[in-house]
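Dear colleague,

I am passing on the model we spoke about, and the notes that follow set out what came out of going through it. Please read them with the coordinates open beside you.

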4 protein chains.
Amino acid sequence: MDETTHAPGHQHAGPPYGYTADKDAYLRRLRRIEGQVRGIARMVEEDKYCIDILTQVAAVTKALHAVSLGLVEEHIGHCVVGAANVADPDQRAGEIDSKVKEAAEAIGRLLR
Amino acid sequence: MDETTHAPGHQHAGPPYGYTADKDAYLRRLRRIEGQVRGIARMVEEDKYCIDILTQVAAVTKALHAVSLGLVEEHIGHCVVGAANVADPDQRAGEIDSKVKEAAEAIGRLLR
Amino acid sequence: MDETTHAPGHQHAGPPYGYTADKDAYLRRLRRIEGQVRGIARMVEEDKYCIDILTQVAAVTKALHAVSLGLVEEHIGHCVVGAANVADPDQRAGEIDSKVKEAAEAIGRLLR
Amino acid sequence: MDETTHAPGHQHAGPPYGYTADKDAYLRRLRRIEGQVRGIARMVEEDKYCIDILTQVAAVTKALHAVSLGLVEEHIGHCVVGAANVADPDQRAGEIDSKVKEAAEAIGRLLR
């Protein structure tokens with residue numbers, strides 16, 4: 001794969017994936033999620049009511065779903081679309097197949 | 001809310017909820033999840049491939065589901081069953097209703 | 001298992017499970033879901049837009065979740081609570097364990 | 001909405017969406033799901049054990065998830081890729097944005 005198709009391990013300077021434009025926003029959301037998980041551990045330590053803990057766990061799951069959805073959207077918008085723009089038609093078909101398949105598998109893991 | 005309001009019918013001084021017996025196991029799992037979330041932030045920082053990040057996010061979601069399921073099981077086994085053992089029949093019916101409703105609402109939040 | 005614990009295969013006259021009180025409501029909801037699935041098949045036959053089909057599939061999934069949640073709530077409120085009311089303490093502990101485990105496994109299948 | 005509004009950039013007369021190639025397979029799966037839902041209604045009518053009903057509901061939900069995933073994969077592979085191949089660059093950017101956004105929203109509805 002070449003730079004156009006966003007292969008991992010590439011050496012070029014610019015941000016390689018769709019999400020890198022929003023990198024700071026993703027990092028902020030992940031730090032917040034990390035803090036929420038730490039908060040849940042604290043609730044367990046302090047013997048909080050199980051239902052209140054469950055409410056917090058559901059909130060973290062929801063926040064992770066939102067992060068996933070953002071990553072999936074950017075994978076489709078950048079990696080799949082990037083593959084559709086590969087110049088060589090033979091290579092292009094293969095790239096599209098591979099990126100679409102990866103997206104579907106990732107979504108499948110989220111649905112499970 | 002304190003222990004008194006949440007553990008109807010129990011007379012003892014010890015930890016009131018089902019999960020407290022496995023408290024250390026829950027804390028270990030939550031620390032591991034916290035570490036996984038930190039690992040995902042590191043992947044974003046290092047511009048890792050979006051699909052690899054999604055795989056990790058799905059793993060954390062799955063780990064949180066497992067924690068939720070454990071908490072739900074213990075809520076049912078302790079809080080609901082505790083309510084069913086309340087001596088006063090009038091109070092008992094109300095307690096059961098309230099604990100079952102709480103459980104169903106918590107499960108509903110997990111399914112969403 | 002005996003009648004008290006709601007074993008399948010029992011011969012007695014009354015409705016055995018929690019959901020049987022709302023049997024007609026459940027049947028109505030299931031018929032509606034069946035109709036929705038038939039509607040999705042019609043959309044596929046008529047080459048409707050994939051996103052519009054997905055919207056309908058998501059609606060059916062949501063309706064099934066609501067049915068599941070109702071059944072789980074009634075399992076907890078009737079089968080688990082029924083187990084907690086078994087007279088013989090030894091038998092009771094086993095019944096509770098078994099009903100709670102069944103509930104947790106069923107919820108786990110819904111979360112996956 | 002008709003074919004014209006939903007298959008931008010495609011010039012041909014044939015079926016416009018990705019899933020139409022597998023139309024018969026989708027119809028077979030949906031008929032099977034319809035039969036499963038009817039089977040669940042029959043279980044409710046016959047007072048089957050709530051946990052056994054829940055197991056069937058979870059199986060239908062899983063089958064619907066598989067259908068959704070197939071539709072999402074074909075939306076990405078055909079509609080998004082089709083948008084990426086629109087000749088006019090200005091129209092193309094708009095088409096890609098709109099198809100990717102639709103895909104993400106559809107996936108979001110499935111995750112909820």
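In which helix of chain C is the place of C:Thr55? The model, which is a predicted one, puts C:Thr55 in helix α2 of chain C, the helix made of residues 50-84. The relative accessible area of C:Thr55 is 28%, and because buried means under 20% and exposed over 50%, this residue is classed as partly exposed. A polar atom of the C:Thr55 side chain lies 2.9 Å from the backbone oxygen of C:Ile51. As for C:Ile40, it is separated from C:Thr55 by 15 residues in sequence, while their C-alpha atoms are 9.8 Å apart in space.

I then turned to the contact between chains D and C, where 46 residues of chain D touch 46 residues of chain C. The area buried between these two chains is about 4,200 Å², and carbon and sulfur atoms give 72% of that area. Six salt bridges are counted between chain D and chain C, and one of the salt bridges joining these chains pairs C:Asp47 with D:Lys23, whose closest N and O atoms are 3.0 Å apart. Between the two chains there are also 14 residue pairs in polar contact, counting pairs with both residues at pLDDT 80 or more. On the side of chain D that touches chain C, the elements giving two or more residues are α2 (23-45), α3 (50-84) and α4 (89-111) of chain D, and α3(D) gives the most, with 16 residues. By residue class, that side of chain D divides into 29 nonpolar, seven polar and 10 charged residues.

The last part concerns helix α2 of chain B, residues 23-45. At 1.5 Å a residue, the 23 residues of this helix should span 33 Å, and its end C-alpha atoms are indeed 33 Å apart, so the expected and the modelled span agree. The buried residues of α2(B) include B:Leu27, B:Leu30, B:Ile33, B:Val37 and B:Ile40, with B:Lys23 and B:Glu34 also among them. In general, residues three or four places apart in an α-helix point the same way, because the helix has 3.6 residues a turn. What covers the buried residues of α2(B) includes both α1 (23-45) of chain A and α3 (50-84) of chain B. Just after α2(B), B:Asp47 takes a positive phi of about 55°.

With best regards

Note on methods. Residues are numbered from 1 along each chain as its sequence is written. Chains are lettered from A and ligands numbered from 1 in the order in which they are written. This is a predicted model: local features need pLDDT of at least 70, side-chain atom pairs count only at pLDDT 80 or more; totals for chains, interfaces and linings use all residues. Side-chain values use heavy atoms; hydrogens and water are left out. Contact means heavy atoms within 4.5 Å. Buried area is the accessible area (1.4 Å probe) that two parts lose on being put together, summed over both. A salt bridge is a side-chain nitrogen of Lys or Arg within 4 Å of a carboxyl oxygen of Asp or Glu. A polar contact is a pair of N or O atoms within 3.5 Å; within protein, one must be able to donate a hydrogen and the other to accept it, and residues adjacent in sequence count only if both atoms are side-chain atoms. Helices (H or I, at least four residues) and strands (E, at least two) are DSSP runs, numbered from the N terminus. Ala, Val, Leu, Ile, Met, Phe, Trp, Tyr, Cys and Pro count as nonpolar, Asp, Glu, Lys and Arg as charged, and the others, Gly among them, as polar. Buried means under 20% relative accessible area, exposed over 50%, partly exposed in between (1.4 Å probe, protein chains only). The expected span of a helix is 1.5 Å times one less than its number of residues.
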